Amino acid sequence: MQTSLFQNSMRILLGSFMVFAGIGHLSFLRKEFQAQVPGWLPDEESFMDLVVISSGIVEIALGLAMISLTKYKIKVGFILAIFYVLIFPGNISQYANGIDAFGLDTDTKRLIRLFFQPVLILWALWSTGGLKYIINRANR
């Protein structure tokens with residue numbers, strides 16, 4: 001599926017954000033990301049740290065794939081979109097439990113953040129040509 005220069009630029013930007021976030025999971029933002037581990041998971045610190053480290057590794061891998069695996073960009077876009085769906089419960093948990101992290105220190109800020117997850121999903125699909133692929137398949 002052909003994508004425009006702008007789409008490719010946005011795909012690389014999203015991939016770069018993912019790599020940065022993944023590095024943050026493994027280092028300087030580790031405690032902040034622990035605050036997003038859903039409350040229905042075990043709250044033992046070592047388990048929460050494992051979740052954060054694991055998701056950081058996945059984010060780095062997906063970010064690098066977004067940047068470099070252009071031949072498979074639609075598949076990578078779908079995988080990233082699914083990843084965003086899978087981590088959304090952490091954002092909901094942060095809102096529902098009033099957990100402060102990443103400067104989200106009010107219910108209003110945490111609620112507004114929830115609306116950005118669909119934007120990330122659409123960004124992953126649009127920038128890789130996945131959204132056009134879905135539309136083309138639906139019109140058959």
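Q: Is F102 buried, partly exposed or exposed in this predicted model?
A: The model is a predicted one. F102 has a relative accessible area of 30%. Buried means under 20%, and exposed means over 50%. The value lies in between, so F102 is partly exposed.

Q: Is F33 buried or exposed?
A: The relative accessible area of F33 is 13%. The cut-off for a buried residue is under 20%. F33 meets that cut-off, so F33 is buried.

Q: How many aromatic pairs are there, and what kind does F33 form with F102?
A: The count comes to six aromatic pairs. In the pair of F33 and F102, the centres are 4.8 Å apart and the planes meet at 65 degrees. Planes over 60 degrees apart count as edge-to-face. So the count is six, and the pair of F33 and F102 is edge-to-face.

Q: How many residues apart in sequence are the parts that F33 and F102 tie together?
A: F33 sits in helix 2, residues 30–34. F102 sits in the loop between helix 4 (73–96) and helix 5 (107–114). The pair therefore ties together parts whose separation in sequence is 69 residues.

Q: Which helix supplies the largest share of the largest nonpolar core?
A: This core has 14 residues, and L14, L80, F83 and Y84 have the most contacts inside it. Helix 1 (5–26), helix 3 (45–68), helix 4 and helix 6 (116–128) each supply at least two of its residues. Five residues, the largest share, come from helix 4.

Q: Which residues does Y84 touch, leaving out those up to four places away in sequence?
A: Y84 is among the residues with the most contacts inside the largest nonpolar core. Beyond four places in sequence, Y84 touches L14, M18, Q117, L120, I121 and A124.

Q: How many residues line the largest pocket, and which helix gives the most?
A: This pocket has a volume of about 910 Å³. Its lining has 34 residues, with F33, Q36, E59, I87 and R113 nearest the centre. They divide into 25 nonpolar, seven polar and two charged. The lining thus numbers 34 residues, and the most, seven, come from helix 4.

Q: Is D49 buried or exposed, and which residues does it touch?
A: D49 lies in helix 3. Its relative accessibility is 18%, so D49 counts as buried. Leaving out residues up to four places away in sequence, D49 touches R30 and Q34.

Technical notes
Residues numbered from 1 in each chain as written. Predicted model: local features only at pLDDT ≥ 70, side-chain atom pairs only at ≥ 80, totals over all residues. Heavy atoms only, no water. Phe/Tyr/Trp six-rings, centres within 6.5 Å; stacked < 30°, edge-to-face > 60°. Helix = DSSP H or I, 4+ residues; strand = E, 2+ residues; numbered from the N terminus. Buried < 20%, exposed > 50% of the residue type's maximum accessible area, 1.4 Å probe, protein only. Core = buried A, V, L, I, M, F, W, Y, C linked by side-chain atoms within 4.5 Å. Contact = heavy atoms within 4.5 Å. 1 Å grid on protein atoms, 1.4 Å probe; cavity = no way out; pocket = protein on both sides within 12 Å on 5 of 7 lines; lining within 4 Å. Points joined across faces, edges and corners; volume = space filled by probe spheres on them.
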